[in-house]
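Subject: Structure handover

Hello,

Here is the structure I promised to pass on. My notes follow below it.

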Number of protein chains: 2
Amino acid sequence: MYAPLLAHIARYVALTPEEATLLVSYLRTQTVARKDFLLREGQVCPASYFVLRGCLRTYFISDKGTEQIIQFSIENWWVSDYASLATHMPSQYTIQAIELVEVVVFDKHVQEEVFDHIPKLERYFRLVFQRVAAAAMFRGKFLFGMSGEARYHYFNEALPGFVQRVPQYMLASYLGFTPEFLSKIRAR
Amino acid sequence: MYAPLLAHIARYVALTPEEATLLVSYLRTQTVARKDFLLREGQVCPASYFVLRGCLRTYFISDKGTEQIIQFSIENWWVSDYASLATHMPSQYTIQAIELVEVVVFDKHVQEEVFDHIPKLERYFRLVFQRVAAAAMFRGKFLFGMSGEARYHYFNEALPGFVQRVPQYMLASYLGFTPEFLSKIRAR
DNA sequence: CGCATTTCTTAACCTAGATTAAGGAGCTGC
DNA sequence: GCAGCTCCTTAATCTAGGTTAAGAAATGCG
């Protein structure tokens with residue numbers, strides 16, 4: 001049940017069996033049905049989530065009422081609204097399951113205790129977030145450095161399985177254009 | 001010289017005087033003249049930098065040969081190319097001073113030793129990067145959720161001093177449109 | 001299995017922002 | 001102080017992608 005998370009942690013830091021057991025005692029898992037929500041706009045984000053299985057999307061509602069996806073989260077990814085988590089402000093984002101999803105829940109109210117007891121996890125999360133910082137830079141390059149059509153082709157070549165896995169209208173939203181435009185690209 | 005950095009760290013973790021002295025012994029400062037570079041495209045990024053004074057921009061060269069800014073870094077910000085730092089691959093970005101800049105240099109080759117000796121810094125950086133993750137989500141909302149003109153007005157109201165501080169053509173690049181379009185917005 | 005809903009495609013028309021060109025204002029360096 | 005460079009503005013024209021509408025295909029549920 002927690003094996004994928006422990007394996008992921010092991011890539012960065014070596015937990016002793018005692019530390020692993022202790023960590024697991026603070027965690028729980030949650031299953032989210034397709035189309036169900038991990039976080040709804042207006043809620044205070046209560047936890048960080050590690051994706052064991054499935055795919056989630058994080059989106060907000062634009063002024064025009066459309067759903068603008070800013071990230072997908074698949075297996076071995078951490079997902080949350082970190083601003084809401086830290087400040088207890090209501091979130092402006094929605095995190096929804098695109099397919100049946102299973103996550104490990106790392107509740108906010110246990111996080112400090114866990115870090116106190118297992119300081120190695122500070123390092124683990126520092127490294128995880130450092131990759132997030134790198135990915136943010138890359139996404140900037142991706143969005144600004146390529147036309148919409150170029151972004152689609154790049155993404156399709158880099159992650160063909162993923163492209164098959166999500167609805168086209170969601171992919172279009174994430175890539176920054178409309179479903180109609182994506183259809184036009186694909187028809188060329 | 002290092003007081004702003006130590007003050008920034010103190011917001012997140014309490015270092016003992018010994019830890020602070022030890023940390024400082026691993027650091028150095030660097031002054032970068034206006035228009036000079038902290039990192040050039042093609043270099044392996046050698047350090048993380050904390051901005052003591054001044055402003056830097058991180059950009060890449062687009063296919064059209066234009067400079068596309070993905071971030072500015074002002075006082076109390078950490079800046080680097082985290083992908084290059086971690087992987088030793090040549091960076092695809094350039095980090096350049098917009099005005100005279102002074103930074104604290106946290107060299108890659110001392111980082112592990114520093115974290116070993118001062119584990120509290122793992123927490124400090126975890127918290128710093130967690131804010132970076134939150135900022136990345138916000139930037140997604142900002143870029144996708146507003147028109148170019150709305151982005152300019154929002155930014156101008158949120159950070160008027162900053163808008164005065166950087167050349168218009170750089171601001172336009174960061175906000176995702178051309179200098180001519182920015183002139184048009186301002187003329188309305 | 002049928003029907004309702006969701007997803008995708010197509011195309012005509014529209015527009016936010018890009019491109020191009022030209023010139024003025026401000027700044028910098030000698 | 002002036003020449004050259006950098007920055008900014010203006011406007012005509014163009015285009016990448018948006019909007020709107022309609023309908024087909026796929027999916028899901030009872």
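Which residue stands opposite B:Phe50 in β6(B)? The residue is B:Trp78.

First, the ground rules. This is a predicted model, where local features need pLDDT of at least 70 and side-chain atom pairs count only at pLDDT 80 or more, while totals for chains, interfaces and linings use all residues. Residues are numbered from 1 along each chain as its sequence is written, chains are lettered from A and ligands numbered from 1 in the order in which they are written, and side-chain values use heavy atoms, with hydrogens and water left out.

**The sheet in chain B**

Back to that pair. B:Phe50 belongs to strand β3 (residues 47-53) of chain B. Helices (H or I, at least four residues) and strands (E, at least two) are DSSP runs, numbered from the N terminus. An open sheet of 4 strands runs in the order β1-β8-β3-β6 (chain B), with antiparallel pairing. Its edge strands are β1 (28-32) and β6 of chain B, and each of them pairs on one side only. Two strands pair if DSSP finds at least two bridges between them. Strands of a sheet pair through backbone hydrogen bonds, either parallel or antiparallel.

Take the neighbours in turn:

- β1(B) and β8(B) are joined by 5 bridges and run antiparallel. B:Thr31 faces B:Glu102 in β8(B) across this pairing.
- β3(B) and strand β8 (residues 101-107) of chain B share 6 bridges, also antiparallel. Here B:Arg53 stands opposite B:Glu102.
- β3(B) and strand β6 (residues 78-79) of chain B are antiparallel, with 2 bridges.

How enclosed is β3 of chain B? Of its 7 residues, 6 are buried, so the strand is largely enclosed by the rest of the structure. Buried means under 20% relative accessible area, exposed over 50%, and partly exposed in between (1.4 Å probe, protein chains only).

**A loop residue in chain A**

A:Pro46 sits in the loop between β2 (37-39) and β3 (47-53) of chain A. A:Pro46 is partly exposed, at 39% relative accessible area. Leaving out residues up to four places away in sequence, A:Pro46 touches A:Leu39, A:Leu85, A:Asp107 and A:Lys108. Contact means heavy atoms within 4.5 Å. A:Leu85 is 39 residues from A:Pro46 along the chain, yet their C-alpha atoms are separated by 6.2 Å.

**The two copies**

Chain A superposes on chain B by a rotation of 180° with 0.0 Å of shift along the axis (RMSD 0.0 Å). The two copies are thus related as by a two-fold rotation axis. In chain A, the C-alpha of A:Arg126 is nearest the axis, at 2.0 Å. The superposition is by least squares on the C-alpha atoms of residues with pLDDT of at least 70 in both copies. The copies meet through the same surface, because 100% of the interface residues of chain A are also interface residues in chain B.

**DNA strand D**

Around DNA strand D there are 16 residues, and A:Gly148, A:Thr178, B:Gln168, B:Glu180 and B:Ser183 come nearest. A residue is near the strand if one of its heavy atoms lies within 4 Å of it. α9(B) gives the largest share of this surface, 4 residues. Of the strand D atoms within 4 Å of the protein, 71% belong to sugar or phosphate and the rest to bases.

Two phosphate contacts to look at: a polar side-chain atom of B:Ser183 lies 2.7 Å from a phosphate oxygen of DNA strand D, and a backbone N or O atom of A:Thr178 lies 3.0 Å from one.

Best wishes

Terms used:
A polar contact is a pair of N or O atoms within 3.5 Å; within protein, one must be able to donate a hydrogen and the other to accept it, and residues adjacent in sequence count only if both atoms are side-chain atoms.
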